[in-house]
Number of protein chains: 2
Amino acid sequence: MDGRFGDISPAGRLAEPAEGISPEELALAARNHGLPLEALRYDLTPPGLHYVLVHYDIPAAREDDWRLTVGGGVRTPLTLDMAALRSFPAVTQRVTMECAGNGRARLTPRPVSQPWLVEAVGTAEWTGVPLRVLLAEAGVRPAAVEAVFRGADHGVERGVEQDYRWSLPLAVAAGGDPEVLVAYAMNGLPLPPQHGHPLRLVVPGWYGMAQVKWLREITLTDTPFTGFQQTVAYRYRQRAGEPGEPVTRIAPRALMIPPGFPDFMSRTRVVRPGPVPLEGRAWSGLAPVTKAEVSTDCGRSWRAAELAPPDGNDRAWRGWRASWTAEPGRHVLSARATDAEGNTQPLAQPWNRGGFGNNLVQRITVHCLPDD
Amino acid sequence: MDGRFGDISPAGRLAEPAEGISPEELALAARNHGLPLEALRYDLTPPGLHYVLVHYDIPAAREDDWRLTVGGGVRTPLTLDMAALRSFPAVTQRVTMECAGNGRARLTPRPVSQPWLVEAVGTAEWTGVPLRVLLAEAGVRPAAVEAVFRGADHGVERGVEQDYRWSLPLAVAAGGDPEVLVAYAMNGLPLPPQHGHPLRLVVPGWYGMAQVKWLREITLTDTPFTGFQQTVAYRYRQRAGEPGEPVTRIAPRALMIPPGFPDFMSRTRVVRPGPVPLEGRAWSGLAPVTKAEVSTDCGRSWRAAELAPPDGNDRAWRGWRASWTAEPGRHVLSARATDAEGNTQPLAQPWNRGGFGNNLVQRITVHCLPDD
């Protein structure tokens, strides 16, 4: 904490019971954005529909003078320009990314921060160099325990001025499962500015806070990193001040493409009586998805949806579909994912002070019109 | 109004004095998004940073079976596929677009709808066929007075089920100033889904409600169009029920790139003492911008900024810059645009029930740190 920032850099807080979304939360919601849920229809999310969260500003980064350094506990420190990075064999992976704060705005009480409902997700094909290849090139010294990643995005948060930084245990950073990428392309094109142009980290299966954008420095350290994002911000805590558990991998979630058409203002869905196909996507960063279920009665009963056949993209969402015959009146539809380790989604909110990992099942209110 | 929609399709309303942003407004803010203001640095806004407002859902539109019809009061009705549209000589124009509701969430009382602050803007190069060329091909009958444009986006709004539709007076639709385009490319690539893939209208100088996306039908009419968006939604009204004036062209606005770096939560900007370059963009749909001014004392005094030289893109924003020497403490920065017809931005809110055309000057709170 740094007194120079006075009252402009507030501590974390919970909203009061009747408090609507504040102007500051709205300012975040107006610049960051989620996936419009009908865009779940695309296997690969176009960049402008993929969720984006930028903590500070999008840096004015240019590819032609960008340098990535690899230093700290290595035998041969590296300084790599983009041409050098492109000279390594390229790997492309399809990855579903999700913000750790997805679902935060549905919590009671609501942690005041970026107010996501359920839409902070997207899937893209990322191309780059495996991080383990760069680490092997530099030669990691035996004492190293973590790799710390620094982005060019700079700001202040709860009184701490910082470049955005995040660390991974060495076993994850240097391992091949998941294959961590230093990525320079998204869906076959150079990274867009908001997704880290010209270079970012991609850590399949982990929440977004690990996917460091505008990546310019990798430092191997002999002790665990104690930076702000790692030890203050992204922790599962029930009470302020407790150490909490670290936020790491993505909990399972299924989302349904809202059927029918919307009312502009209430966002309630409208369908006509009769057969209504239901479809969506399901994913988990903990293990492959093995089951998707739907409920059309507000979560009282569930039935299995048909999962799309495996296509080898184990780090990306999996499609599912189910049928439903709509009858006039009001309905609440839900979907639920379960993975190979038995992790699933709760029907009651998994609350914590940061509003992380809230994978409470989605609820879509549908108004079925009377018979014609 | 259609009773079948019951209470899911509410009438327009104003927020109560102490009412925060509602869950429904947040749902709109989470899917639609503005331009992160640092992205004013780009002459051309990348698609994922350009503002997007989608009234209903993004349609599942495919280029290979898309058809545009031109009918109604014409001698030769046309049905054009994308290949036919591409066979006409292509025109490319750089155009600044802005949502008519930009600034709505800063109004008191606040009209409840998409809650924009100041960021609903973007500039792109749009490529397509001039509308006047298509109308000449079809042969407009003498009795025609308007052209009505229908998109494929479908929903319900204040009880009215509809495809999104908007009309232009024939003189605008068939004229060459502005050059109205039926556009199939944005910044040299096919339109992204959220910007109207595969076809949209581009009406330079008009607010976003005229830029019909997912365009599939043009109908020439002998009487003025009385559709929902034209006669109910997009009107300047002081009181409910009065006819009001139509919302048409873009009022002048200047925006500044927020200097320094932000606090994550308060979004307050932080700078260090000393010279701070100020820069931004200015535009008007009414006439070319002829003046940009800045204030660093909360709007009490103003001085001229330096405008970028004219570059022939009269329908796009114009860059400006100014210098400022920051001193420790709190400052409020503003910018203001004036156009060749003397239109400028107010220092008090120009309120109306729909929250349209609110070009109140931007205010950026800056915290300048103490001397080191």
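How much of residues 274–367 of chain A is helix and how much is strand, and how far apart are the end C-alpha atoms? Let us work this out together, along with a few other exercises.

**Before we start**

This is a predicted model, in which local features need pLDDT of at least 70 and side-chain atom pairs count only at pLDDT 80 or more, while totals for chains, interfaces and linings use all residues. Residues are numbered from 1 along each chain as its sequence is written, chains are lettered from A and ligands numbered from 1 in the order in which they are written, and side-chain values use heavy atoms, leaving out hydrogens and water.

**Exercise 1. Describe two annotated spans of chain A.**

Step 1: Over residues 274–367 of chain A, the chain is 0% helix and 48% strand, with the end C-alpha atoms 13 Å apart. Helices (H or I, at least four residues) and strands (E, at least two) are DSSP runs, numbered from the N terminus.

Step 2: An unreviewed UniProt entry places "domain: Moybdenum cofactor oxidoreductase dimerisation" at these residues. UniProt positions follow the numbering used here, feature names are shortened, and annotations may be inferred rather than shown by experiment.

Step 3: Residues 55–228 of chain A carry the UniProt annotation "domain: Oxidoreductase molybdopterin-binding", also from an unreviewed entry. That span is 10% helix and 38% strand, and its end C-alpha atoms lie 13 Å apart.

**Exercise 2. Find how the two chains are related.**

Step 1: A turn of 180° and a shift of 0.0 Å along the axis lay chain B on chain A with an RMSD of 0.0 Å. The two copies are therefore related as by a two-fold rotation axis. The superposition is by least squares on the C-alpha atoms of residues with pLDDT of at least 70 in both.

Step 2: Of the interface residues of chain B, 100% are also interface residues in chain A, so the copies meet through the same surface.

**Exercise 3. Decide which side of helix H3 of chain B is covered.**

Step 1: H3 spans residues 131–138 of chain B, and its B:Leu131, B:Leu134, B:Leu135 and B:Ala138 are buried. Buried means under 20% relative accessible area, exposed over 50%, partly exposed in between (1.4 Å probe, protein chains only).

Step 2: These residues cover an arc of only 100° around the axis, so they sit on the same side of H3(B). The arc is that of the directions from the helix axis to the C-beta atoms.

Step 3: After H3(B) comes B:Gly139, with a positive phi near 80°.

**Exercise 4. Trace the partners of strand E17 of chain B.**

Step 1: E17 (residues 289–295) of chain B is mostly covered, as 5 of its 7 residues are buried.

Step 2: With strand E21 (residues 329–339) of chain B, E17(B) pairs in the antiparallel sense over 6 bridges. Two strands pair if DSSP finds at least two bridges between them. One bridge partner is B:Ser334 in E21(B), which matches B:Ser295.

Step 3: E17(B) also pairs with strand E18 (residues 303–304) of chain B, antiparallel over 2 bridges. Here B:Glu293 stands opposite B:Ala304 in E18(B).

**Exercise 5. Place B:Arg336 in its surroundings.**

Step 1: B:Arg336 lies in strand E21 of chain B.

Step 2: With a relative accessible area of 16%, B:Arg336 is buried.

Step 3: Not counting residues up to four places away in sequence, B:Arg336 touches several residues, including B:Lys291, B:Glu293, B:Trp302 and B:Val361. Contact means heavy atoms within 4.5 Å.
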